[in-house]
Amino acid sequence: MSKVAHYLQEHLLGEVIVSTSTRRFFATDTSVLTLTPAMVVYPRNEADVRKTARFAWQLAERGRIIPITARGAGTDQSGGALGAGIILAFPAHMNRLLELEDKTGVVTVEAGANYGKVQQALKTHGRFLPPFPASFEYSTLGGAVANNASGEKTCKYGSTRDFTRGLRVVLANGEVIVTHRLNKKDFNRKLGLTSFEGEIYRAVDTLLEEQADVIKNMDPDVTKNSAGYCLTQIRGRDGSFDLTPLFVGSQGTLGIVTEVTFDTEQSNANPALFIAKFDNLEQAQQAILELRNMPDIPSAIEMVDDQLLNLVDKLNPNQIKDTVPKPFPKAMLFVEFDNPERALKKVLKKAHKILERYSVLLELIEDVSEQERFWAVRHSSALVVAHAEGNIKAVPIIEDGVVPPERFGEFLDGVYQIFARNHLQAAVWGHAGDANLHIQPFVDLSQVGDRQIVFRVMQEYYDLVLSLGGSITGEHNDGRLRAPYLQKMYGDDVYNVFQKIKRIFDPYNILNPGVKLDVPLESVKQMLRSNYTIEHLADHLPHS
Ligand SMILES: Cc1cc2nc3c(=O)[nH]c(=O)nc-3n(C[C@H](O)[C@H](O)[C@H](O)COP(=O)(O)OP(=O)(O)OC[C@H]3O[C@@H](n4cnc5c(N)ncnc54)[C@H](O)[C@@H]3O)c2cc1C
């Protein structure tokens, strides 16, 4: 055992593990990349996290850098949950629901709390956390915050950032800060602190002031965005200040989240679902734009394409044979409304008018158990993701671009052209209402030719997304995989502000280095796995 591991073991309540099998387990997340950590720490409490950070900081002051990567369930598809130094694995012990306010539905959890379990607890109170990712049964709330995750309800409700009310964060030097929106008076008090926290508030405030012109137009014109750092929501017009939106989506590169307080929404147990089929993508786009313009926006506008339906039909015909008869439509939309009963009828009438104008087949499904049968078609993407023909697997390399909704048709056309040019089979599904598509082409990463295709396709895809004014990632974040494309997305000036932000919070580059910023494409190429599998997804508890 190294001296560092030994020291930590002596000073922490949680386990410190250096065994080869544990390090091998944590050497992958669900991205196509791999990086083996030096050790894995399972913190028992916040003090363990603080001590680990403090120790790494003291070593860094003496010139030795040991990176720290916070980790939830490791379902990250961007390589963000990988690190060469210490992995701080939260789900083992720091996984409790701490408080649920009955009246307001405000909920506070530890970072390693399982999303699905907390969602289940909220359900018993008639509430839910809307931006849940498709992986919510496995993943943690700390991971959702760090990625600014979102999902099928984001179209109406927004992303994780919109629901994160406050955080407890361990800073790079081991200090703990509590974030929430501060009024002017409380903010001034923070500016006067002599601690690292005070330094951070002063430096961020000055940077935002100096770079106001660069920052003000930095956000792409998209419905959701997890790329880069969120700099536009820190300062309020009323003089208030909040570091929470900056930490959300920062992938553990600015601080380590130990607790999160979320706002939640009231849930409606009786939503209504339209299934609309289209032979023409332009018509589908038109329908989506009109639905988005409704005063009561749908709670979901999801999509699968004919390629996905064909694949599912090939892999498991029973899964869709009763719900989607052949021939398959070019695109199938799932449009859900979750308004309260009295408003619902009126809204459905309006939506019906829009959809019947553009779709070739339209059905309204009001029975909830019947709706589940249709949602299973949308969620059959999981079958494609899990499928393997020998070494050929559907890999997440271009799985999360988002463009302005009015460019959705061009986005899809461009994606199909990339597949054709590179002779790739791929399936397309996702959040059509947000113009955020999930696409996973089938390749064999053990073949040199396919490994070259990966990076060619990524280049073509991210060029396409950016040429349409989009973002390289709507919800899965930059991580290591997409980090090389971040500078092109935002331009040099904004990128330079990102680098300054990172230096303010993490001057020694201890916190998840190699994620988001300063990542040459060559270093990513070297981390590409030769065999892609996500079999360990369900197995996220401690391994020793
Ligand atoms: C099949 C599949 C479907 C998916 N669908 C979606 C989807 O619909 N929407 C979506 O947004 N994502 C999706 N994802 C990606 C991912 O599952 C989510 O973003 C999820 O929220 C990550 O949670 P996690 O607990 O697995 O985090 P991890 O993968 O462990 O970590 C994610 C990032 O957060 C950082 N992190 C974790 N915990 C902390 C902490 N306590 N403090 C600071 N940083 C921390 C990590 O360093 C890493 O950078 C999907 C992934 C898969 C495999």
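Which strands does helix α17 lie across? Helix α17, residues 408-421, lies across β13, β18 and β19. This is a predicted model. The briefing below covers the ligand site, two sheets with their helices, and two backbone details.

**The ligand and its shell**

- The ligand is surrounded by 34 residues. The closest are Ala70, Thr75, Ser135, Thr140 and Ser150.
- Sorted by class, this shell holds 19 polar, 12 nonpolar and 3 charged residues.
- Gly80 offers a polar backbone atom 2.9 Å from an oxygen atom of the ligand.
- Asn147 uses its side chain: an N or O atom there is 3.0 Å from an oxygen atom of the ligand.
- Val257 uses its backbone: an N or O atom there lies 2.8 Å from a nitrogen atom of the ligand.
- On its own, the ligand has 970 Å² of accessible area, and the protein covers 95% of this.
- Three elements give two or more residues each to the shell: β3 (68-71), α5 (141-147) and β10 (256-262).
- Of the elements, α5 gives the most to the shell, with 5 residues.

**The sheet of 8 strands**

- This open sheet has 8 strands in the order β15-β12-β14-β13-β18-β19-β17-β16. The pairing is antiparallel.
- Strands of a sheet pair through backbone hydrogen bonds, and the pairing can be parallel or antiparallel.
- The edges are β15 (361-365) and β16 (388-389). Each has a single partner strand, so one side of each is left without a neighbour in the sheet.
- Strand β13 (residues 300-305) and strand β18 (residues 426-431) run antiparallel and are joined by 2 bridges.
- Met303 has Gly430 in β18 as its bridge partner.
- Helix α14 (residues 341-358) lies across β12 (272-278), β14 (331-337) and β15. Its angle to β12 is about 5 degrees.
- Helix α17 runs at about 5 degrees to β19, which spans residues 436-444.

**The sheet of 5 strands**

- A sheet of 5 strands is also open, with the order β5-β6-β10-β8-β9 and antiparallel pairing.
- Why do β5 and β9 each have one side without a neighbour in the sheet? β5 (97-100) and β9 (176-179) stand at the edges with a single partner strand each, so one side of each stays without a neighbour.
- On average, neighbouring strands here are turned by 15 degrees against each other, direction ignored.
- Strand β8 (residues 164-170) is joined to β9 by 4 bridges, and the two run antiparallel.
- Val169 stands opposite Ile177, which is in β9.
- Helix α3 (residues 46-61) packs on this sheet and touches β8, β9 and β10. The direction of α3 makes about 55 degrees with that of β8.
- Helix α4 (residues 115-123) packs on the sheet too, touching β5 and β6 (107-110). The direction of α4 makes about 25 degrees with that of β5.
- Strand β10 belongs to this sheet, and β10 also gives two or more residues to the shell around the ligand.

**Backbone details in loops**

- Lys326 and Pro327 are joined by a cis peptide bond, with omega about -5 degrees.
- Pro327 sits in the loop between α13 (306-315) and β14. Strand β14 is part of the sheet of 8 strands.
- Lys516 has a phi near 75 degrees. That is a positive value in a residue other than glycine.
- Where is Lys516 placed? Lys516 is in the loop between α20 (492-505) and α21 (521-526).

Terms used:
Residues numbered from 1 in each chain as written. Predicted model: local features only at pLDDT ≥ 70, side-chain atom pairs only at ≥ 80, totals over all residues. Heavy atoms only, no water. Near = heavy atom within 4 Å. Polar contact = N/O pair within 3.5 Å; in protein donor to acceptor, adjacent residues only side chain to side chain. Areas by Shrake-Rupley, 256 points an atom, 1.4 Å probe, with all protein chains shown as cover. Nonpolar A, V, L, I, M, F, W, Y, C, P; charged D, E, K, R; others polar. Pairing = 2+ DSSP bridges. Contact = heavy atoms within 4.5 Å. Axes fitted to C-alpha atoms, helices over the stretch in contact; angles between N-to-C directions.
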